[in-house]
Amino acid sequence: MKSFSKDQKLKELVRIARELGAAEAGIVSPNDIFVEDALADLCRKPRCPAFGLSAGCPPHVSGPAGFREMKKRMRHAIVIKIDVPASVLFSDQRIDIMRFLHETASEIERSAVGMGYSESRAFAGGSCKTLFCRDYAECRVISERGACRRPESARPSMSGFGINVSKLLQAAGFNGEFQTEAAYDDEESMSWVAGLIALA
Ligand code: SF4
């Protein structure tokens, strides 16, 4: 394994993120990650359809309190943004986009671990039950019938930790408004999905 300085490692991780397909990738400080209990509460009320269905969603994740603890050990974080036409994001292809987000974030996490950030953890969006285990009755982890079926890809959703994604993207210097489903019919309209890789 090539030996990198800290700055080289961060640059290399950004390069890898872009090579994997992120339209934008940037480094932020742990202090730039705002965690809000009220945002995490939205998973429970109004209840997300995926609430409680997987090990990657509340109440099975450590939530805002756990993330605040993790921030104490975190050295840096990488934010990634994947641009997607709104007409695709709000179509049947959404599931492929969200899987790609999980796969990209987990691949960057593996690269970070390989560079010595051994406790790095990636976060994505959406429920891994919907994305990877939709054909199974239960999440194998929470049913205690075995290990995760997709440990190489499935990552917890940022929502369950109360991470303020808008502020995160601003801190990373990205622009781009999130287009809601109302933009579905506009083929020109772009939207995005985002992930976070905590380097520790
Ligand atoms: S077994 Fe499936 S639902 Fe459970 S954590 Fe793994 S990918 Fe998610």
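Author: Contact means that heavy atoms lie within 4.5 Å, and we will use that word throughout. The model is predicted: local features need pLDDT of at least 70 and side-chain atom pairs count only at pLDDT 80 or more, while totals for chains, interfaces and linings use all residues. Residues are numbered from 1 along each chain as its sequence is written, and side-chain values use heavy atoms, with hydrogens and water left out.

Reader: Let's try that word out, then. Which residues does methionine 98 touch, not counting residues up to four places away in sequence?

Author: Gly125, Gly126, Leu131 and Val193 are touched by methionine 98, with residues up to four places away in sequence not counted. Methionine 98 belongs to helix H5; helices (H or I, at least four residues) and strands (E, at least two) are DSSP runs, numbered from the N terminus.

Reader: Is methionine 98 buried or exposed?

Author: Burial is read from relative accessible area: under 20% is buried, over 50% exposed, and in between partly exposed (1.4 Å probe, protein chains only). Methionine 98 counts as buried because its relative accessibility is 7%.

Reader: How far from serine 157 is the C-alpha atom of methionine 98?

Author: The two C-alpha atoms are separated by 11 Å, with these positions 59 residues apart along the chain. Serine 157 sits in the loop between helix H6 (128-132) and helix H7 (165-171). With a relative accessibility of 5%, serine 157 is buried too. Neighbours within four places in sequence aside, serine 157 is in contact with Gly56, Ala124, Gly125 and Gly126. Gly125 and Gly126 are therefore found in the contact lists of methionine 98 and of serine 157.

Reader: On to the helices. How do the axes of H1 and H5 cross?

Author: Two packed helices are described by the angle between their axes and the distance between the axes. Axes are lines fitted to C-alpha atoms, for helices over the stretch in contact, and angles run from 0 to 180 degrees between N-to-C directions. Here the axes of H1 (residues 6-20) and H5 (residues 94-114) come within 10 Å and cross at roughly 155°. That makes H1 roughly antiparallel to H5 (under 35 degrees is roughly parallel, over 145 roughly antiparallel, 65 to 115 roughly perpendicular, the rest oblique).

Reader: Which residues meet where H1 and H5 touch?

Author: On the H1 side they are Leu13, Ile16, Ala17 and Leu20; on the H5 side, Phe100, Thr104, Glu107, Ile108, Ser111 and Ala112. This contact of H1 with H5 comprises 7 nonpolar residues, 2 polar and 1 charged. Ala, Val, Leu, Ile, Met, Phe, Trp, Tyr, Cys and Pro count as nonpolar, Asp, Glu, Lys and Arg as charged, and the others, Gly among them, as polar.

Reader: What about glutamate 12 in helix H1: buried or exposed?

Author: Glutamate 12 of H1 counts as buried, at 19% relative accessibility. Phe4 and Met115 are its contacts, again without residues up to four places away in sequence.

Reader: Now the sheet. What is the order of its strands?

Author: Strands pair if DSSP finds at least two bridges between them. This open sheet of 4 strands has the order E1-E2-E4-E3, with antiparallel pairing. E1 (24-28) and E3 (121-123) stand at the edges with a single partner strand each, so one side of each has no neighbour in the sheet. From one strand to the next, the twist averages 20°. H1 packs on the sheet, touching E1, E2 and E4 (190-199), and its direction makes about 155° with that of E1.

Reader: How many bridges join E1 to E2?

Author: There are 5 bridges joining E1 to E2 (residues 76-85), and the two strands run antiparallel. Glycine 26 has valine 79 in E2 as its bridge partner, and alanine 25 has isoleucine 80. E2 also pairs with E4 in the antiparallel sense, over 10 bridges, and isoleucine 78 stands opposite isoleucine 197 in E4. E2 is mostly covered, with 8 of its 10 residues buried.

Reader: Last, the backbone. Which peptide bond has omega near 0°?

Author: The bond from lysine 45 to proline 46 is cis, with omega near 0°. Another cis bond joins proline 58 and proline 59, with omega about 0°. Proline 46 is in the loop between H2 (37-41) and H3 (63-73), and proline 59 is also in the loop between H2 and H3. In the loop between H6 and H7 lies glutamate 144, which has a positive phi of about 60° although it is not a glycine. Glutamate 144 is exposed, with a relative accessible area of 72%.
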